[in-house]
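Reader: I should be grateful for a close look at one part of this structure. Could the charged pairs be described carefully, together with the helices around them?

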Amino acid sequence: MNVFGIGLPEMGLIMVVALLIFGPKKLPEIGRSLGKTVRGFQEASSEFQNEFKRESEQIEQAMKTSAQIEPKELEATKSEQEAAGSSSVS
């Protein structure tokens, strides 16, 4: 088991030191608040990922829409230019 580059023996040592410093009554409370903090970071990360995916999908749709509109605009512009060219020739 390797969490944040810390192995099982190091985790055990950290737990023993924390038990000595904070005592057995305070340790569960510290564990709960640490768990809540980690959960908050996970939720924020998930929300950020969802927002990023949503924005990238909107950009892709906008690019597809502009790619479909662009050829139509080019055809309209060519038609206008041809009409203007034929009227100036007459």
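Author: The account below moves along the chain from the first helix to the charged pairs. The model is predicted. The UniProt record, an unreviewed entry, lists residues 6-23 as a "transmembrane region". Over residues 6-23 the chain is 83% helix and 0% strand, and the C-alpha atoms at the two ends lie 23 Å apart. Helix α1 covers residues 8-22. Its 15 residues, at 1.5 Å a residue, should span 21 Å, and the end C-alpha atoms are indeed 21 Å apart, so the expected and computed values agree. After α1 comes Gly-23, which has a positive phi, near 90°.

We turn now to the charged pairs. Side chains of opposite charge can pair when their charged atoms come close. A search of the whole structure finds two salt bridges. One of them joins Lys-26 to Glu-29, with 3.7 Å between the closest N and O atoms. Both partners are partly exposed: Lys-26 has a relative accessible area of 41%, and Glu-29 has a relative accessibility of 43%.

The other joins Arg-54 to Glu-51, and here the closest N and O atoms are 2.5 Å apart. Both residues belong to helix α2, which covers residues 27-89, and they are three residues apart, about one turn of the helix. An α-helix has 3.6 residues a turn, so residues three or four places apart point the same way. Arg-54 is partly exposed at 42% relative accessibility, and Glu-51 is likewise partly exposed, at 35%.

Terms used:
Residues numbered from 1 in each chain as written. Predicted model: local features only at pLDDT ≥ 70, side-chain atom pairs only at ≥ 80, totals over all residues. Heavy atoms only, no water. UniProt positions renumbered as here; feature names shortened; annotations may be inferred. Helix = DSSP H or I, 4+ residues; strand = E, 2+ residues; numbered from the N terminus. Expected span 1.5 Å × (residues − 1). Salt bridge = Lys/Arg side-chain N within 4 Å of Asp/Glu carboxyl O. Buried < 20%, exposed > 50% of the residue type's maximum accessible area, 1.4 Å probe, protein only.
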